[in-house]
Amino acid sequence: MGISKVPSVAPFKHCFDASTAGKKLTGPNVPVIEIGLPGRIGEVKWGFYGANTMVKVKETVMCLAFIDGGKKPKDLMVIGTHQVQDHMLEFDFSRTVLAFSESLLLQNTSCSTWPSQK
């Protein structure tokens with residue numbers, strides 16, 4: 001995609017020159033990361049866009065917002081608050097179900113968007 005790699009910035013391993021990525025409605029113009037989760041009717045894919053996969057660490061440096069858990073991670077995978085920003089989550093404990101929306105940024109809105117006050 002023509003995005004230039006730069007030296008790592010702890011605690012992140014993969015960092016890039018933000019000025020070479022470009023911008024989209026969903027954040028930096030980087031590939032979408034999809035995670036497949038088991039669902040009641042088959043695999044469900046959850047897509048994460050640049051705003052949820054990259055974090056700005058310096059004025060012109062952004063890093064992949066995932067941290068290596070090491071050789072013996074305690075958990076297989078953790079989806080953090082950075083990844084779920086601007087997604088609606090519904091926890092149905094009675095049915096043991098987690099439902100999630102696509103990124104609200106795709107609808108040109110976000111969880112932090114407040115209606116205009118009149």
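Biologist: How many salt bridges does the structure hold?

Modeller: Two. This is a predicted model, and every value here is computed from it.

Biologist: What makes Asp-92 and Arg-95 a salt bridge?

Modeller: Their side chains meet at 2.8 Å, N to O. The cut-off is 4 Å between a side-chain nitrogen of Lys or Arg and a carboxyl oxygen of Asp or Glu. The value of 2.8 Å satisfies the limit of 4 Å, so the pair counts.

Biologist: Why is Arg-95 called exposed?

Modeller: Arg-95 has a relative accessible area of 51%. Exposed means over 50%. Therefore Arg-95 earns the label.

Biologist: And how do you know that Glu-59 forms a salt bridge with Lys-56?

Modeller: The closest N and O atoms are 3.7 Å apart. The limit is 4 Å, so Glu-59 and Lys-56 qualify. Both Glu-59 and Lys-56 are exposed.

Biologist: Now the disulfide. What makes Cys-15 and Cys-63 a disulfide?

Modeller: Their sulfur atoms lie 2.1 Å apart. The test asks for cysteine sulfur atoms within 2.5 Å. Cys-15 and Cys-63 therefore pass. The structure holds one disulfide.

Biologist: Which parts does the pair of Cys-15 and Cys-63 tie together?

Modeller: Cys-15 lies in strand S2, and Cys-63 lies in strand S8, residues 61–64. The pair therefore joins parts that are 48 residues apart in sequence. The link is right-handed, with 100° about the S-S bond.

Biologist: Are Cys-15 and Cys-63 buried or exposed?

Modeller: Both Cys-15 and Cys-63 are buried.

Biologist: On to the aromatics. How many aromatic pairs does a search of the whole structure find?

Modeller: Three. One of them is Trp-46 with Phe-48.

Biologist: Why is the pair of Trp-46 and Phe-48 called tilted?

Modeller: The ring centres of Trp-46 and Phe-48 are 4.9 Å apart, and the planes stand at 35°. Pairing needs centres within 6.5 Å. Stacked needs planes under 30 degrees apart, and edge-to-face needs over 60. The angle of 35° meets neither, so the pair is tilted.

Biologist: What makes Trp-46 and Phe-100 a stacked pair?

Modeller: Their planes are at 15°, and their centres are 4.1 Å apart. The angle is under 30 degrees, so the pair is stacked. This pair links distant parts of the chain. Trp-46 sits in strand S6 (residues 42–48) and Phe-100 in strand S10 (residues 97–100), 54 residues apart. Trp-46, Phe-48 and Phe-100 form one aromatic cluster.

Biologist: How do you know that Trp-46 is buried?

Modeller: Trp-46 has a relative accessible area of 4%. Buried means under 20%, so Trp-46 fits. Phe-48 is buried too.

Biologist: Why does Phe-100 count as partly exposed?

Modeller: The relative accessibility of Phe-100 is 22%. Buried requires under 20% and exposed requires over 50%. Phe-100 falls in between, so the label is partly exposed.

Biologist: Where is Pro-11, and what makes Pro-11 exposed?

Modeller: Pro-11 is in the loop between strand S1 (5–6) and strand S2 (15–17). Its relative accessible area is 53%. That is over 50%, so Pro-11 is exposed.

Biologist: Last, the whole chain. What does the secondary structure of the protein chain come to?

Modeller: Two helices and 10 strands. Of the 118 residues, 25% count as buried. The accessible surface is about 8700 Å², with 57% belonging to carbon and sulfur atoms.

Methods
Residues numbered from 1 in each chain as written. Predicted model: local features only at pLDDT ≥ 70, side-chain atom pairs only at ≥ 80, totals over all residues. Heavy atoms only, no water. Phe/Tyr/Trp six-rings, centres within 6.5 Å; stacked < 30°, edge-to-face > 60°. Buried < 20%, exposed > 50% of the residue type's maximum accessible area, 1.4 Å probe, protein only. Helix = DSSP H or I, 4+ residues; strand = E, 2+ residues; numbered from the N terminus. Areas by Shrake-Rupley, 256 points an atom, 1.4 Å probe, with all protein chains shown as cover.
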